[in-house]
Amino acid sequence: SLLEGSWEEYADSMDQELERLKASEKKLKEEVLEKDAELERVSREKDAELRVQAEKIKELEALLASKQ
């Protein structure tokens, strides 16, 4: 019947839409995980740079204190 065909088409289109949304969600989650990993890497690098700079400052302060 016409109503059954329409219902089946509607259900199929909703299944297709659900699959499209699931694929989009998966892609977005992957992108977020990639960005999180990149931020973590950059953060570790910057922390290491700051530690090196802090050590240099301590060395300079010690050198200045010994000269006074």
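The radius of gyration used here is taken over C-alpha atoms, and it is judged against a globule rule of 2.2 Å times the number of residues to the power 0.38. The structure described in this report is a predicted model.

**Overall form**

For a compact globule of 68 residues, the radius of gyration would be near 11 Å, whereas this protein has 29 Å. The dimensions along the principal axes can be read beside that value: the C-alpha atoms fill a box of roughly 100 × 10 × 5 Å. In secondary structure, the protein has one helix and zero strands. That helix, H1, covers residues 2–67.

Distances between chosen residues illustrate how the chain is laid out. Met14 and Leu64 stand 50 residues apart in sequence, and their C-alpha atoms are 74 Å apart in space. For Ser66 and Glu30, the separation along the chain is 36 residues, and the C-alpha atoms are 54 Å from each other. Ser66 has its place in helix H1.

**Exposure of the residues**

How much of the protein is buried? Buried residues make up 0% of the 68 residues. A residue counts as buried under 20% relative accessible area and as exposed over 50%, with partly exposed in between. Ser66 has a relative accessibility of 55%, and therefore it counts as exposed. Met14, by contrast, has a relative accessible area of 38%, so it is partly exposed. The accessible surface of the whole protein comes to about 6600 Å², and carbon and sulfur atoms account for 59% of it.

**Patches on the surface**

Two patches deserve description. The first is nonpolar: Trp7, Tyr10 and Met14 form it on the surface, and together they have about 360 Å² of accessible area. Met14, a member of this patch, lies in helix H1.

The second patch carries negative charge, and Glu8, Glu9, Asp12, Asp15 and Glu19 gather in it on the surface. Glu19 is also found in helix H1. With a relative accessibility of 48%, Glu19 counts as partly exposed.

Charge can also be considered for the protein as a whole. There are 13 positive and 20 negative charges, and the mean positions of the two groups are 12 Å apart.

**Salt bridges**

The structure holds seven salt bridges. A pair counts as a salt bridge when a side-chain nitrogen of Lys or Arg is within 4 Å of a carboxyl oxygen of Asp or Glu. Three of the pairs are listed below.

| Pair | N to O distance | Separation along helix H1 |
|---|---|---|
| Arg20 and Glu17 | 2.6 Å | three residues |
| Glu38 and Arg41 | 2.5 Å | three residues |
| Arg44 and Glu40 | 3.5 Å | four residues |

Where do Arg20 and Glu17 stand relative to each other in helix H1? They are three residues apart in the helix, which means that about one helical turn separates them. In the salt bridge that Arg20 forms with Glu17, the closest N and O atoms are 2.6 Å apart. Arg20 is partly exposed, with a relative accessible area of 44%. Glu17 is likewise partly exposed, at 31%.

Glu38 and Arg41 are also three residues apart in helix H1, so about one helical turn lies between them. Their side chains meet in a salt bridge with an N to O distance of 2.5 Å. Glu38 has a relative accessibility of 38% and counts as partly exposed. Arg41, at 32%, also counts as partly exposed.

In the third listed pair, the side chains of Arg44 and Glu40 meet at 3.5 Å, N to O. Arg44 is partly exposed, with a relative accessible area of 48%, and Glu40 counts as partly exposed at 43%. Both residues lie in helix H1, four residues apart, a separation of about one turn of the helix. In addition, salt bridges that share partners join Glu38, Arg41 and Glu45 into one network.

**Summary**

The predicted model has one helix and zero strands, and its radius of gyration is 29 Å. Its surface includes a nonpolar patch of Trp7, Tyr10 and Met14 and a negative patch to which Glu19 belongs. Among the seven salt bridges is the one between Arg20 and Glu17.

Methods: Residues numbered from 1 in each chain as written. Predicted model: local features only at pLDDT ≥ 70, side-chain atom pairs only at ≥ 80, totals over all residues. Heavy atoms only, no water. Patch = residues over 30% accessible without salt bridge, like charges linked within 9 Å, V, L, I, M, F, W, Y side chains within 5 Å. Areas by Shrake-Rupley, 256 points an atom, 1.4 Å probe, with all protein chains shown as cover. Helix = DSSP H or I, 4+ residues; strand = E, 2+ residues; numbered from the N terminus. Buried < 20%, exposed > 50% of the residue type's maximum accessible area, 1.4 Å probe, protein only. Lys, Arg positive; Asp, Glu negative; His and termini not counted. Charge placed at Lys NZ, Arg CZ, Asp CG, Glu CD.
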